[in-house]
Amino acid sequence: MVFEPPKRLVRALGETAPDGDDWLEKLPEAAQQAVALREFTVDRVQVPGGRSSLVVLVRTADGTPAVLKLAPGRARPEAERAALAHWGGRGAVQLLEPFTAQGVLLLERLHPDVSVRSLPEAKALLEAAGTLRRLWVEPPADFPFETVAERTGRQAEAMRARAQADPEVAPLVGLALAAREELLAAPPEHRLLHGTFRQSKVLSGERMPWLAVGPDPVVGECAFDLARLVRDRVEDLIAQPSGAATTRRRVKRLAESLDVDQERLRGWTLFRAVESGVRAGRVGRPRDAELLLEFAGWL
């Protein structure tokens with residue numbers, strides 16, 4: 001079988017490495033080797049798939065459905081492996097092989113085409129929030145993960161550079177950076193966070209109704225993790241005449257349901273929306289940038 005990378009993956013990796021690298025070029029051979037080594041049967045490559053990895057639906061030698069995931073180093077697959085091992089299947093997909101080749105993960109098979117996003121909005125938010133709560137645990141000793149301060153520090157540098165090049169985004173960037181400084185001034189909360197949690201990252205499973213996949217783990221406060229969920233279905237929010245009011249109600253409802261400080265959630269939602277909007281503009285996705293920055297303006 002030829003393991004051709006899905007177009008979505010090629011586009012996304014092109015954004016994170018505009019000068020290119022050889023990971024995509026080597027990917028078909030690496031996938032073939034990973035399958036042959038384990039004597040797997042391939043069902044199919046998941047399409048459109050993710051933005052940072054190749055996902056192959058396979059069956060093990062005894063017929064057990066599984067997922068073989070291959071990711072480049074810049075997607076931090078070893079941090080994902082460490083987080084999944086620490087969660088041990090509680091709220092997240094189960095890691096089936098604790099030790100594999102670098103950049104290769106073997107995971108339990110969920111229902112890849114059925115995410116919590118398929119539910120009505122209110123129910124989807126409820127189920128997603130319940131899943132997220134189970135992931136917020138103490139990190140392992142000597143954890144191999146970035147902290148929220150470290151990750152957002154890198155992002156803040158890119159935001160400042162973009163604001164200098166594009167004065168139109170400068171006011172929102174200024175508000176977002178000020179919010180970050182205020183949020184980080186408080187004593188840090190140390191929880192293991194998913195890092196990139198949203199409705200599409202919660203898939204239907206057999207072992208549990210809903211399980212999280214695809215973490216980019218980070219250690220910090222829970223409000224940072226929840227902030228990404230606030231803007232789910234942002235295109236629908238922007239289309240509503242009452243989108244701003246709906247967003248404020250969503251912040252309040254999610255904060256109360258997960259016992260998170262509402263103002264801290266609002267602050268991290270602002271920072272993460274502006275950061276994503278600025279990044280979308282930088283890599284040539286103007287429509288996404290417009291939606292995210294309009295959303296951020298409501299906060």
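How close do the axes of α10 and helix α11 come, and at what angle do they cross? Keep that question in mind as you look at this predicted model; the answer comes under the first heading.

## Helix α10 and its partners

The axes of α10 and helix α11 (residues 286-297) come within 8 Å of each other, and they cross at roughly 160°. Because an angle over 145 degrees counts as roughly antiparallel, α10 is roughly antiparallel to α11. The crossing of this pair is left-handed. If you would like to find the contact on your screen, α10 contributes Thr269, Leu270, Ala273, Val274, Ser276, Gly277, Val278, Ala280 and Gly281. From α11 come Asp288, Ala289, Leu292, Leu293, Phe295 and Ala296.

Helix α6 (residues 170-185) also meets α10: their axes come within 9 Å and cross at roughly 135°. The two helices are therefore oblique to each other. Here again the crossing is described as left-handed. On the α6 side, the contact is made by Leu172, Val173, Leu175, Ala176, Leu177, Ala179, Arg180, Leu183 and Leu184. On the α10 side, the residues are Arg264, Gly267, Trp268, Leu270, Phe271, Val274 and Val278. Leu270 of α10 is one to look for, as it is listed in the contact with α11 and in the contact with α6.

## Arg272, a buried arginine

Is Arg272 buried or exposed? This residue lies in helix α10, which spans residues 262-282. With a relative accessible area of 11%, Arg272 is buried, because buried means under 20%.

What surrounds Arg272? Setting aside residues up to four places away in sequence, Arg272 touches Gly195, Thr196, Phe224, Asp225, Ala227, Arg228 and Arg231. With Gly195 there is a polar approach as well: the backbone oxygen of Gly195 lies 2.9 Å from a polar atom of the Arg272 side chain. For a sense of scale, the C-alpha atoms of Arg272 and Gly243 are separated by 18 Å, and these residues are 29 apart along the chain.

## Two buried threonines

Gly243 begins helix α9 (residues 243-257), which is also where Thr247 is found. Thr247 is buried, with a relative accessible area of 0%. Leaving out neighbours within four places in sequence, Thr247 is in contact with Leu237, Phe295, Trp298 and Leu299. Phe295 has already appeared above, on the α11 side of the contact with α10.

The second threonine, Thr131, sits in helix α4 (residues 121-135). Thr131 is buried too, with a relative accessible area of 0%. A polar atom of its side chain lies 3.0 Å from the backbone oxygen of Glu127. Not counting residues up to four places away in sequence, Thr131 touches Gly91, Phe197, Val202, Trp210, Leu211 and Ala212.

## The four-stranded sheet

Now for the strands. Four of them form an open sheet in the order β1-β2-β3-β4, with antiparallel pairing. At the edges are β1 (41-45) and β4 (104-108), each pairing on one side only. On average, and ignoring direction, neighbouring strands of this sheet are turned by 30° against each other.

How many bridges join β3 to β4? Strand β3 (residues 65-70) and β4 run antiparallel and are joined by five bridges. Ala66 stands opposite Glu108 in β4, while Val67 has Leu107 as its bridge partner in that strand. In a regular strand, side chains alternate between the two faces of the sheet. Although β4 is an edge strand, it is mostly covered: five of its five residues are buried.

Two helices meet this sheet. Helix α2 (residues 23-38) lies across β1, β2 (54-59), β3 and β4, and runs at about 150° to β3. Helix α3 (residues 77-87) packs on the sheet and touches β3 and β4; its direction makes about 35° with that of β4.

## A three-stranded sheet

Three strands build another open sheet, in the order β6-β10-β7, and here the pairing is mixed. The edge strands are β6 (146-147) and β7 (191-193), each paired on one side only.

What is the sense of the pairing between β7 and β10? β7 and strand β10 (residues 218-220) pair in the antiparallel sense over three bridges. In one of the pairs, Leu193 has Val218 in β10 as its bridge partner.

Technical notes. Residues numbered from 1 in each chain as written. Predicted model: local features only at pLDDT ≥ 70, side-chain atom pairs only at ≥ 80, totals over all residues. Heavy atoms only, no water. Pairing = 2+ DSSP bridges. Axes fitted to C-alpha atoms, helices over the stretch in contact; angles between N-to-C directions. Contact = heavy atoms within 4.5 Å. Buried < 20%, exposed > 50% of the residue type's maximum accessible area, 1.4 Å probe, protein only. Polar contact = N/O pair within 3.5 Å; in protein donor to acceptor, adjacent residues only side chain to side chain. Parallel < 35°, antiparallel > 145°, perpendicular 65-115°, else oblique. Left-handed = near helix turned anticlockwise from the far one by under 90°.
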